[in-house]
Amino acid sequence: MGDEYKEALLEKKHKYHHEGCPGCKVEQMKQLRRGYPYLELSFVWIIVLSTSLPISSLYPFLYYMIEDFGVAKTEKDIGFYAGFIACSFMLGRALTSVFWGIVADRYGRKPIILLGTISIAIFNALFGLSLNFWMAIGTRFLLGSFNCLLGTMKAYASEIFRDEYQATAMSAVSTAWGIGLIIGPALGGFLAQPADKYPNVFSKDSIFGRFRYALPCFTISAFALFVTVLCCFIPETLHNHKQDSTSHDDSYEILEAAPPRESTGKNEKASKGSLLKNWPLMSSIIVYCVLCLHDTAYSEIFALWANSPRKYGGLSYSTNDVGTVLAISGLGLFSFQVFVYPFAERLLGPVRVTRFAGALMIPIQMSYPFIANLSGLSLSLLLNCASILINVLSVSAITGLLILQNKAVDQSQRGAANGIAMTAMSLFKTVGPAGAGILFSWSERRLNATFLPGSHMVFFFLNVIVVVGVALTFKPFLATVRR
């Protein structure tokens with residue numbers, strides 16, 4: 001029955017194709033093209049990577065940047081101020097994500113993608129030239145306000161790939177995002193303070209001697225400019241039926257040549273109504289936000305914990321040491337998401353993958369305060385293994401929720417839906433760095449406490465967030481829609 005329906009739709013396809021519509025051209029290309037979509041995968045991967053690199057690239061040197069600004073009165077206060085610089089990016093993104101999503105639905109994905117890559121090149125470079133605490137906050141806020149790429153790219157990835165590659169598409173988005181959140185700090189760790197680390201290459205009188213944190217920011221900005229040039233060649237995926245806008249939904253479904261949808265949520269028509277009343281979408285966004293809160297809080301806490309002195313329960317790591325750990329984690333994450341995640345998603349489904357990943361993160365995070373008691377080879381080995389596992393599991397949990405979000409809405413609403421997801425996620429991530437910095441600063445003041453002393457309290461709170469996220473993946477809270 002399904003094959004007969006598909007053939008009938010394909011026979012009528014010429015009636016619904018709109019000449020000059022970029023979305024229809026992409027749908028035709030998807031129907032005619034066979035083989036693995038390497039080119040599309042590469043474009044999606046590199047664009048998402050460019051938007052995630054600057055988000056956490058400051059973490060390895062943020063401790064020392066705050067110290068250079070001179071705003072912290074004691075070492076214990078550095079985490080407090082670091083949280084505000086980190087969260088300013090997310091605050092800016094929270095205020096503008098819905099707006100950029102609506103613009104992407106109206107004017108297309110490609111203009112928003114180009115705007116996003118150009119803004120990264122400009123504002124991230126300015127952040128590297130920050131002269132004081134408030135300039136750093138301002139440039140990070142502007143960087144977040146114009147960082148409109150992730151929500152748009154989630155919609156774009158769901159539209160440029162055939163149905164059988166949807167898991168691969170969302171895995172590419174979350175993998176590039178996760179690797180950017182790891183490679184970014186690695187670049188920040190290796191390239192910060194270059195005049196001190198590489199005096200034979202960078203003199204104290206050079207721009208990188210005067211602006212000690214400009215080199216990693218300039219490097220990421222240069223990469224964003226390169227990506228901007230590449231984005232000029234990507235196809236637009238948004239349908240634009242100027243003469244017959246009323247047939248948009250029908251033409252899209254026919255060009256997709258898919259059988260009727262089955263709904264396992266509350267209402268099959270929810271995806272075409274108000275997004276805020278679409279419970280499959282909103283429930284997946286809420287779980288996504290909780291796990292993203294954990295992800296950003298973990299990223300900042302890990303860097304602050306690794307940089308902090310051993311007398312406070314940290315590792316006394318340099319920016320290079322943190323960069324090395326994160327680079328190794330990035331390699332492990334890339335290998336897992338490319339070769340293992342698509343198979344795991346097909347075998348278990350996105351919801352079960354999220355549950356298993358969350359459950360496995362809990363004992364690993366509990367081990368971090370004990371790892372700090374080690375030294376030498378045993379410390380390096382266990383720390384790298386734990387870091388790889390946490391990053392792999394965190395990104396895997398988030399990937400499943402990206403798949404659920406894009407299945408919950410039609411194409412005409414994907415930009416706005418992902419804009420809502422980005423706004424909600426950014427609000428959570430605004431709280432994450434600020435809360436993590438305050439929590440970390442507080443934990444260093446209670447090293448001799450009876451209950452969860454020092455860093456034990458920090459990682460306990462991270463586990464609480466994970467438990468809440470996993471609990472929300474069960475019915476009746478989380479609803480799903482099959483397409």
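Start with the whole chain in cartoon view: the secondary structure amounts to 22 helices and two strands. Keep in mind that this is a predicted model. Of the 483 residues, 59% are buried. Among contacts with a separation of 6 or more, 81% link residues 24 or more positions apart. Switch on the surface and you are looking at about 20,000 Å² of accessible area, 65% of it from carbon and sulfur atoms.

Next, select helix H22, residues 455-471. This helix gives four residues to a nonpolar surface patch, the most of any contributor. To see the patch itself, select Trp-442, Phe-460, Phe-461, Val-464 and Val-468, which together have about 430 Å² of accessible area. Pause on Phe-461, which sits in helix H22 and counts as partly exposed at 38% relative accessibility.

Now for the charged pairs: the structure holds five salt bridges. Select Arg-109 and Asp-105, whose side chains meet at 2.7 Å, N to O. Both of these residues are buried.

For a contrasting stop, move to Asp-196, which is partly exposed at 38% relative accessible area. Its salt bridge with Lys-204 has the closest N and O atoms 2.3 Å apart, and Lys-204 is exposed at 52%. Add Arg-212, which also bridges to Asp-196, at 2.8 Å. Arg-212 lies in the loop between helices H12 (207-210) and H13 (214-231), while Asp-196 belongs to helix H11 (residues 194-197), so this pair ties together parts 16 residues apart in sequence. Finally, add Asp-68 to the selection: salt bridges with shared partners join Asp-68, Asp-196, Lys-204 and Arg-212 into one network.

Notes: Residues numbered from 1 in each chain as written. Predicted model: local features only at pLDDT ≥ 70, side-chain atom pairs only at ≥ 80, totals over all residues. Heavy atoms only, no water. Patch = residues over 30% accessible without salt bridge, like charges linked within 9 Å, V, L, I, M, F, W, Y side chains within 5 Å. Areas by Shrake-Rupley, 256 points an atom, 1.4 Å probe, with all protein chains shown as cover. Salt bridge = Lys/Arg side-chain N within 4 Å of Asp/Glu carboxyl O. Buried < 20%, exposed > 50% of the residue type's maximum accessible area, 1.4 Å probe, protein only. Contact = heavy atoms within 4.5 Å.
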